[in-house]
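Subject: Structure handover

Hello,

Here is the structure I promised to pass on. Please open it first, then read my notes below.

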Amino acid sequence: MAISRRKLLKSAAAGSALFAPQVAPAQITNTQTGRKFKAFVRQGTGTTVAEMTLLPIQPREVVVRTEAAAACYTITGGVLRTTNSPRVQIPNHSGMGVVEAIGPDVRRVQVGDRVIVPGTPQCGVCYMCLQGRADWCQFLGTSPAHPIAKLANGTDVFEEAALGGFSEIMVVTEEYCCPVFTQVPGEELCLLGDTLGTGLAAGHNLAPIEPGTDVVVLGAGPVGMGAIQAARIKGAARVIVVEPISYRRDIAMKVGATMVLDPNKEGNGLVAKIQDLCKGP
């Protein structure tokens, strides 16, 4: 039976369109300036969710549609309205999402990429990056904060630390974008941008863990959970976690701890017990 090439191409095109991934309208039309979006903002000691209009992005900036953002402990005072914010800003300084637009000078990511937006950049060319200490990247703080949007009354809106996170979109320079090629849920990936990622990195870089060593983690909050997993990944023989909250002790055992201790129960004998456990062979 003769097969029409035109019909075959039409059929394939229809199938491709049917199963095409869903994307945001702004990604399809490539229009960003004037786009409306919502964000959690703070000004003075007040907080609210407000709609705003996106301003034009700069040549090396990336627009990221936020999938998830993990709160950092450092923003607690602002969110709870115990500190003052002299200007309207979007709290937090990390998150993750999908790239929807890039400036003309961006080279690291492209539209459609899933990216983690961490609290620190990695330019890859400064002295610290070349020495393997991207956590001290000298690009940090070199991009002056500028408004990314305006409220309905014309007030400028800034991102905390030039990153934000508690918003439907983030506008960041490309040095803050780390592409990830995985379908791991956003609420898990965003933890690598801060908090859990901080503890995880400490066990790999700041206090490198050697295989077979004993590790003690004081506190099993988000940072501590990262340190526990770093110890497991690096092959620690014993991972002892000291944590007063019972449900955190339970989670610690699930993610890599070999023993958990309640400091309230151990009392003054806590240090002596840890020393006895870590005597080695």
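Start at β10, where C178 is the bridge partner of I116. One caution before the rest: this is a predicted model.

**Around β6**

The C178 bridge belongs to a short pairing. Strand β10 covers residues 178-179 and runs antiparallel to β6, with two bridges between them. On β6 there is a second partner, strand β5 (residues 95-102). That pairing is also antiparallel and has four bridges. Within it, V117 of β6 faces G95.

Strand β6 itself spans residues 114-117 and is covered on both faces. R114 and I116 are buried on one side. V115 and V117 are buried on the other.

**The chain overall**

The chain has 281 residues, and 40% of them are buried. It contains 10 helices and 13 strands. Take the contacts with a separation of 6 or more: 64% of them are between residues 24 or more positions apart.

**The barrel**

Five strands form a closed barrel in the order β1-β2-β7-β8-β4. The pairing in the barrel is mixed. From one strand to the next, the twist averages 50 degrees.

Look at one of the pairs in detail. Strand β2 (residues 46-54) meets strand β7 (residues 149-151) in the antiparallel sense. Three bridges hold that pairing. T53 sits opposite K150 of β7.

**A buried glutamate**

E61 deserves a stop. This residue is in strand β3, which covers residues 61-68. Which side chain of opposite charge is nearest to E61? It is R60, at 8.2 Å. E61 is buried and has no salt bridge. For reference, the salt-bridge cut-off is 4 Å, so R60 at 8.2 Å does not qualify.

What E61 does have is a polar contact: its side chain joins that of H146 at 2.6 Å. H146 also appears among the residues that E61 touches, leaving out those up to four places away in sequence. The others are A101, I102, G103, V106, V171, V172 and T173.

**Salt bridges**

How many salt bridges does the structure hold? The count is 10. Several are worth a look.

- D262 and R249 meet through their side chains at 3.6 Å, N to O. This pair links distant parts of the chain, 13 residues apart. D262 is in the loop between β13 (259-261) and α9 (263-266), while R249 is in helix α8 (residues 246-255). Both residues are buried.
- R35, R65 and E100 form one network, joined by salt bridges that share partners.
- D135 pairs with R133, and their closest N and O atoms are 2.7 Å apart. D135 is partly exposed, at 34% relative accessible area. R133 is partly exposed too, at 28%.
- E266 pairs with K273, with the closest N and O atoms 3.2 Å apart. K273 is partly exposed, and its relative accessible area is 34%.

**Helix α6**

Helix α6 runs over residues 196-206. Its buried residues include L196, G197 and G199. L200 and G203 are buried as well. What lies over them? Part of the cover for the buried residues of α6 comes from α7 (222-233).

**Two backbone points to check**

Most residues other than glycine have a negative phi. Two alanines in one loop depart from that. A161 has a positive phi of about 60 degrees, and it is not a glycine. A161 lies in the loop between β8 (156-159) and β9 (169-173). A162 also has a positive phi, near 60 degrees, and is likewise a residue other than glycine. The loop between β8 and β9 holds A162 too. A162 is partly exposed, with a relative accessible area of 28%.

Over to you.

Best wishes

Note on methods. Residues numbered from 1 in each chain as written. Predicted model: local features only at pLDDT ≥ 70, side-chain atom pairs only at ≥ 80, totals over all residues. Heavy atoms only, no water. Buried < 20%, exposed > 50% of the residue type's maximum accessible area, 1.4 Å probe, protein only. Pairing = 2+ DSSP bridges. Axes fitted to C-alpha atoms, helices over the stretch in contact; angles between N-to-C directions. Lys, Arg positive; Asp, Glu negative; His and termini not counted. Polar contact = N/O pair within 3.5 Å; in protein donor to acceptor, adjacent residues only side chain to side chain. Contact = heavy atoms within 4.5 Å.
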